[in-house]
Structure formats: C-alpha cells, structure tokens
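Biologist: Please take a close look at a single strand of this model and describe how it is placed among its neighbours.

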Amino acid sequence: QYGMISINGIPKPSFRAFELLATAGNYTLSTAISDDAGLGTVSAFATTSDPQNQQHTLQVFVSNFAAKGNGDALLLPCFAQNVTVRVPAATWHPSTVRAYRIDAWHANPAEIWMAMGSPEYMNRTQLATLMAASENVGGLAVKVKIEDSIAQVTVEVPPDGVVVLKNWA
C-alpha cells in the first residue's frame with residue numbers, strides 16, 4: 001500500500017531500504033558482478049566514505065528486480081540468483097562481511113501480519129512482533145575471497161530482493 005510506514009508505525013521494506021542507503025558513503029567504487037542466470041535483473045554499486053581507507057566504510061548494494069511493465073513493455077522473469085560481487089581491496093584483506101537482506105522473509109512484516117489473519121486492529125504483542133519482523137537485524141556473516149587484491153563475495157539475491165554487504169572484517 002501507500003507510504004513507507006504503516007498506520008500502526010511499522011516500517012515497511014522501502015523504509016528499511018532507505019535506512020540502509022542512509023549509511024552509504026560519498027564515493028563510489030568500481031564494482032563488478034556476475035549472476036548465475038544472466039537475466040539482466042541484477043545490479044550493484046559500492047560506496048565508501050574514505051577512498052584511501054575503505055576497510056571500515058565499504059558497502060555494496062545488490063538488487064534483483066525485473067521490470068514490471070504494462071501494455072507492450074518487456075516483462076523479464078525474476079528468479080533467485082547467486083551473485084558474485086568483486087570490489088578492490090588493495091590495502092586490506094577482509095575475511096568476512098555481513099549481509100543484510102530485504103526480501104519476502106527479511107525486514108518485511110507482511111507475511112507475519114497475514115499469518116495473524118490480517119487484523120485491522122492489533123494488540124501490543126502483535127505490534128511488537130511486526131516491529132521485530134521489520135528490522136534489519138545482525139546481518140549474516142559471509143566469507144570473502146581475496147584474489148589479486150580483489151575482494152569477492154557470492155550471495156543469493158531473491159527475486160525483488162536487496163542484499164547490502166557491510167561491516168567488512
């Protein structure tokens with residue numbers, strides 16, 4: 001529906017996406033991606049706040065969205081894809097990165113709300129459950145492979161999903 005926050009104050013996935021984008025750096029870095037299906041639905045960009053010392057501020061934003069055309073627009077199929085991201089890592093050698101996800105199962109309370117029976121009015125416990133389901137929590141640790149001063153990470157990006165790679169260590 002409309003807006004980035006529900007009438008009950010629950011942030012929707014679009015709010016959580018802007019929340020992650022708010023921490024993006026001021027500088028972009030060269031980013032190369034490859035996906036297993038080659039459908040053209042995957043895109044990525046990397047940012048840093050300090051191009052001389054990327055280690056603490058590097059973030060990579062990866063999305064998997066198909067065009068949702070109408071009329072004579074081309075409709076692309078959109079499937080979960082394994083995406084490999086490559087970014088420069090000349091002065092540091094991270095071994096892991098945290099992957100924050102926004103998709104049908106992460107930072108998206110809609111499924112839980114529907115499982116509750118789509119109540120129009122909710123009690124505090126239900127609202128707390130939805131708020132928790134809405135949050136970008138923790139991030140899953142993903143291994144980083146370093147080859148020729150390039151950091152390489154492979155993540156699965158579901159259809160209509162976003163993965164943000166940050167907290168490189």
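Modeller: Strand β4 (residues 59–64) is joined to β10 by five bridges, and the two run antiparallel; strands (E, at least two residues) and helices (H or I, at least four) are DSSP runs numbered from the N terminus, and two strands pair if DSSP finds at least two bridges between them. This is a predicted model, in which local features need pLDDT of at least 70, side-chain atom pairs count only at pLDDT 80 or more, and totals for chains, interfaces and linings use all residues. Residues are numbered from 1 along each chain as its sequence is written, and side-chain values use heavy atoms, with hydrogens and water left out.

Within the β4 pairing, valine 162 of β10 has serine 63 opposite. Strand β6 (residues 96–102) is also antiparallel to β10, again through five bridges, and here lysine 166 of β10 is the bridge partner of arginine 98.

β10 itself spans residues 161–166, and six of its six residues are buried, that is, under 20% relative accessible area with a 1.4 Å probe and protein chains only. Gly161, Val163 and Leu165 are buried on one side, and Val162, Val164 and Lys166 on the other.

The wider setting is an open sheet of six strands with antiparallel pairing, in the order β1-β3-β4-β10-β6-β7. Its edge strands, β1 (27–29) and β7 (140–143), each pair on one side only. Neighbouring strands are turned by 30 degrees against each other on average, direction ignored; axes are lines fitted to C-alpha atoms, for helices over the stretch in contact, and angles run from 0 to 180 degrees between N-to-C directions. Helix α1 (residues 13–21) lies across β3, β4, β6 and β10, at about 150 degrees to β6, where contact means heavy atoms within 4.5 Å.

Technical notes
Buried < 20%, exposed > 50% of the residue type's maximum accessible area, 1.4 Å probe, protein only.
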